[in-house]
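Q: Could you take me through one part of this protein up close? I'd like to see how a single strand sits among its neighbours.

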Amino acid sequence: MSTPEELRYTEEHEWVATREGPVVRVGITEYAQDQLGDVVFVDLPEVGRQVGTGDGFGEVESTKSVSELFAPVDGEIVAVNDAVAESPELINSDPYGEGWLVEIRLDDPAGLDALLEAEAYQALIAG
């Protein structure tokens, strides 16, 4: 199971990648997409929506279940991945690349400090 070292993670199985400035890209981990099975639908928020850490901001529906997406940081949704809305299977085929979900402009970059590093996330999923 791939857990890129440069990313941060949540206990809800989302990954966070630092972008330019105070913007982060968010997606679900390889572990999460594997647990979900074939993703068939993604519900993403509107650009401009404010989210707080832990707020639900969308859903991923698979052939097995529906899982809520939770904001890993406080901020404003500044981009959504329309390609995933049109082709949800991108989450299964490329969870850390083309399968990203949203970009969030951070209210406070220190919020990233609360996220798990790759090693801690690997320990979490190893159970």
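A: Here is a walk from the whole chain down to one strand, β3, and its partners.

A quick note before we start: this is a predicted model, where local features need pLDDT of at least 70, side-chain atom pairs count only at pLDDT 80 or more, and totals for chains, interfaces and linings use all residues. Residues are numbered from 1 along each chain as its sequence is written, and side-chain values use heavy atoms, with hydrogens and water left out.

Let's set the scene. The protein has 4 helices and 9 strands; these are DSSP runs, with helices being H or I of at least four residues and strands being E of at least two, numbered from the N terminus. Starting at the N terminus, the order is β-β-β-α-β-β-β-β-β-α-α-β-α. The radius of gyration is 13 Å, close to the 14 Å that the globule rule gives for 127 residues, so the protein is as compact as a globular protein of that length. That radius is taken over C-alpha atoms, and the globule rule is 2.2 Å times the number of residues to the power 0.38. Of the 127 residues, 45% are buried, where buried means under 20% relative accessible area, exposed over 50%, and partly exposed in between (1.4 Å probe, protein chains only).

Now zoom in on β3, which spans residues 23-28 and has 6 of its 6 residues buried. Both of its faces are covered: Val23, Arg25 and Gly27 are buried on one side, and Val24, Val26 and Ile28 are buried on the other. Notice that Arg25 is in that list of buried residues.

So who are the neighbours? One is β2 (residues 14-18), which runs antiparallel to β3 and is joined to it by 5 bridges; two strands pair if DSSP finds at least two bridges between them. If you want to spot a pair in the viewer, Thr18 has Val24 in β3 as its bridge partner. The two strands form a hairpin with 4 residues between them, and Gly21 in that turn has a positive phi of about 65°.

Another neighbour is β9, residues 102-106, again antiparallel to β3, with 4 bridges joining the two. Here Val23 stands opposite Arg105 of β9. Put together, β3 is bridged to β2 and also to β9.

For another hairpin to look at, try β6 and β7, which are joined through 3 residues.
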